[in-house]
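Biologist: Before we talk about terms, could you put the sequence and the model in front of us? I would like to know what stands behind each name.

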Amino acid sequence: MYARNFPELCIGDIIAVSQWVQEGNKRRIQLFEGNLIAMHKKGASTTFTVRKISANGVSVEKIFPLYSPMIDSIKVVMKAIVRRAKLYYLRDRVGKSARVKEKVVKKVRPVGKHIERIAAAAAARAAEASKE
């Protein structure tokens, strides 16, 4: 039941939830992308609330059960810096004030491969110098 391989979700992140939708006899995946404004952690009943601004500035909120078989995948589009556990205050905001600050994460290069590449380049230069 708990074997879902979703990324670590943090409040404020912009996430894209791929959900299976049944229309007549056809099944398709529908994407819902927005801010993660709340999480209720209750074991197998864990839910999270995603809020997005759709056409004409109308906002839509959906509550997803985390362990639902209807959820195909969850992707973190952008990490955010927030100081609250619930972002319900975003419901009252409109426009730019409804945005959250992006968390910039630096990529760490693997040290071992970097040093090996430098050593290989130095060895190649030394071999060329000894030929001359």
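Biologist: Which residues line the largest pocket, and which of them lie nearest its centre?

Modeller: The largest pocket is lined by 14 residues, and those nearest its centre are Ile 14, Asn 35, Arg 51, Ile 53 and Ala 98. The elements that give two or more residues to this lining are strand 2 (26–40) and strand 3 (47–53). This is a predicted model, in which local features need pLDDT of at least 70 and side-chain atom pairs count only at pLDDT 80 or more, while totals for chains, interfaces and linings use all residues. Residues are numbered from 1 along each chain as its sequence is written, and side-chain values use heavy atoms, with hydrogens and water left out.

Biologist: What makes a space a pocket, and what is the volume of the largest pocket?

Modeller: On a 1 Å grid over the protein atoms alone, a cavity is a set of points where a 1.4 Å probe fits but cannot get out, whereas a pocket is an open set with protein on both sides within 12 Å along at least five of seven lines; lining residues have an atom within 4 Å of a point. Grid points are joined across faces, edges and corners, and a volume is the space filled by probe spheres set on the points. By that reckoning the largest pocket has about 260 Å³.

Biologist: How do you know which strands pair, and in what order do they form the sheet?

Modeller: Strands are DSSP runs (E, at least two residues), numbered from the N terminus, and two of them pair if DSSP finds at least two bridges between them. The 5 strands form an open sheet in the order 4-3-2-1-5, with antiparallel pairing. Strand 1 (residues 14–23) and strand 2 pair over 10 bridges, strand 1 and strand 5 over 6, strand 2 and strand 3 over 5, and strand 3 and strand 4 over 7. As single examples, Trp 20 has Ile 29 in strand 2 as its bridge partner, and Arg 51 has Glu 61 in strand 4.

Biologist: Why is one side of strand 4 and of strand 5 left without a neighbour in the sheet?

Modeller: Strand 4 (59–65) and strand 5 (71–78) stand at the edges with a single partner strand each, so one side of each has no neighbour in the sheet.

Biologist: What makes two rings a pair, and which residues do ring pairs link into a cluster?

Modeller: Rings of Phe, Tyr and Trp (its six-membered ring) pair if their centres lie within 6.5 Å, and planes under 30 degrees apart count as stacked, over 60 as edge-to-face and the rest as tilted. The count comes to 2 aromatic pairs, and ring pairs link Phe 32, Phe 48 and Phe 64 into a cluster.

Biologist: Why is the charged end of Arg 27 said to sit over the ring of Trp 20?

Modeller: The rule asks that NZ of Lys or CZ of Arg be within 6 Å of the ring centre and within 35 degrees of the ring normal. The charged end of Arg 27 is 4.5 Å from the centre of the Trp 20 ring and sits over it.

Technical notes. Helices (H or I, at least four residues) and strands (E, at least two) are DSSP runs, numbered from the N terminus.
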